[in-house]
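Reader: Could you walk me through the sheet in this one, and what packs on it? I'd like a close look at that part alone.

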Amino acid sequence: MMLDKDPAAAARIASALLQEEPGQDAATLLLTAACRRLGNSADALDAMETLALAQPASAVIQLELGRTYAACGRYAAAQAALERALDLDAGLADAWREISELCLLENDTARADAAYLKYRRLATDPPELAEAYGAFDQNRLETAESLAQQRSREGSQTQRVAGFTLLAAVAQRRGDDLAEGAALNELLRLAPCDASAREQLVRLMIRQGRVDEALPLIDRLLTVEPNRRDLLILKAEALQLIERPESLGIITALLAEHADDADLWLIAGNQQRFSGHTGEAIESYRRAIELAPGKGLAYWALANLQPLGDSPEMLALMQRQLAAASPDGYDGTCLEFALGKVLEDRGEFAAAFEHYARGNRRARSSFNYDARATTAFVQRFKATFTPRFFAERMEWGCEDPDPIFIVGLPRSGSTLLEQILASHSQVEATRELPYVPTLARELAGAPATAAHYPEGLARLSNAEVGTLAARYLASARRHRLLGRPRFVDKMHANFMSLALIHLMFPRATIIDSRRHPLGCGFACYKQLFSAGLNFAYDLTEVGLYYRDYADLMDHIDAVLPGRVHRVHYERLVAEPEAEVRRLLENCSLPYEQACLSFHENPRTAQSLSSEQVRRPIYSEGAQHWRHFEPWLEPLKSAVAKKNGGH
């Protein structure tokens, strides 16, 4: 549009039209808009006021008059004109946007957000991005990204906002948190009242564990839409992550108004479970099933909390619901895993494995995953981090010994280790902190350059490593609510960043939570995870991932002998006191009997193992995987393969 690309040319054309036909409405509007873009609104104000007096019933003219007043700094007059425009046409999207901008100038954020929300609901997508939208819908992400980038650089304000919105969506679909966050921050700089962008940023922050940053943004969203159910649920789930007691209160209040909402009962059950209220959680899951018999996730949650093997009625109900479920729907996937668990509890291992296998095939078909990428990463890791690399950086990093990093694979006993350590008077558990992965993603950069990580660590200076360590400690400090000297970070995948961790914290404790590959691998395979962990849904891929993890840890043992303390789950459950004493000694902590009574610790365990750590150590489960050994050959073969032998 000429007005956006060349307002001076538009002004010349409008002036020529007015010379030929003075008083022409369209030409007057064009001239006023062009002058406003050129910073000469005062020159056109008289003509705009005359036009508004002549046509007081024109919403478009009142809109342009309001814009002109605003450009001249006459904000009260601008507000009045814009309100007249909306009285004439409440569906005039641009008038709501202009009012939003005026409210921001007055620091009235709530009114600004409310007005912009109305604008977003009325506005149409810029036609200039139609091709980009089409490419996105067809999953041609490179094309969509290229077109969106062009508009975000060169387009009008509206086009730039739309461009960054699409760039954020592309990054989200790719799983590129860095690019998504960058696009959303730029979008909110251009459109600070965009609720959709703010909500997407909140969800990104929660995925990254930045709950403290997300909560004020959720409250801002709720100021405009205080009764919006999904925002209230989002706040409750965020509060649950940081163990705030008002979390369950929000869901309870929602249930008082929506007692027949199965999703709310399911969420309530999850919160009650993590808080240790097992009986209440069971009742909530059962209530969800009563209200929505096809709700697969409720069966899966219930089966993991209460043995259902002695209930033929429940088994029959689950089988009927699975038969009725959509072949490619998530409910069916959940029911497959739930039936696997019920039949496993009944000792029907062949039938249980068949359901686990079908559930995993369904889950695996929903995403892309290439196991070779992990192997390639490990090979680059080994080539980069040599004995010489660490010897040259021996005095680097922060001397602070506070962090205790637990690394390894899921289902390896890491939650048990965390609970044991958290029962010590000098240690606080902060669960799976996202801050090392965040630093690693930043150092890796965009997906196009991510292959340069971890080699890029070699370019860091001592000062830069110190800055990274300080950032990590500052971020972790928000989670250290008890003020204890030491804290546990149980982010499993931090094993991929052990070189970075060692550089930042050469005196920190690193614990490798290790379990038999078939026991750990099958425990992952039979678990339906809420997000990520894409290696876990195929036995061969689970085995390859375990092999790569063990290969990387072997390398660390070779180049940094004794740096990592390894705890074997099977030894821990067989000889708990001896292993706990070794663990505490490695952490430079005195032995405390409370560490063996970890099941009495009232802290909330935000983990799939939350129920297990409320019971004393028991050794029976360590070898349970052997019931399924006849079907684990793909896992066994993959673990045994030599490096590079995919």
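Author: First, a bit of vocabulary: two strands count as paired if DSSP finds at least two bridges between them, and strands (E, at least two residues) and helices (H or I, at least four) are DSSP runs numbered from the N terminus. Bear in mind that this is a predicted model, where local features need pLDDT of at least 70, side-chain atom pairs count only at pLDDT 80 or more, and totals for chains, interfaces and linings use all residues. Residues are numbered from 1 along each chain as its sequence is written, and side-chain values use heavy atoms, with hydrogens and water left out.

Now the sheet. The protein has 33 helices and five strands, and an open sheet of five strands runs in the order β2-β3-β1-β4-β5, with parallel pairing. At the edges sit β2 (427-429) and β5 (564-568), each with a single partner strand, so one side of each has no neighbour in the sheet. From one strand to the next, the twist averages 25°; axes here are lines fitted to C-alpha atoms, for helices over the stretch in contact, and angles run from 0 to 180 degrees between N-to-C directions.

Look at β1 (residues 403-408) and β4 (residues 509-514): they pair in the parallel sense over five bridges. Gly408 has Ser513 in β4 as its bridge partner.

Then come the helices, with contact meaning heavy atoms within 4.5 Å. Helix α25 (residues 414-422) packs on the sheet and touches β1, β2, β3 (486-489), β4 and β5, its direction making about 165° with that of β1. Helix α27 (residues 462-477) also packs on the sheet, touching β1 and β3, and its direction makes about 95° with that of β3.
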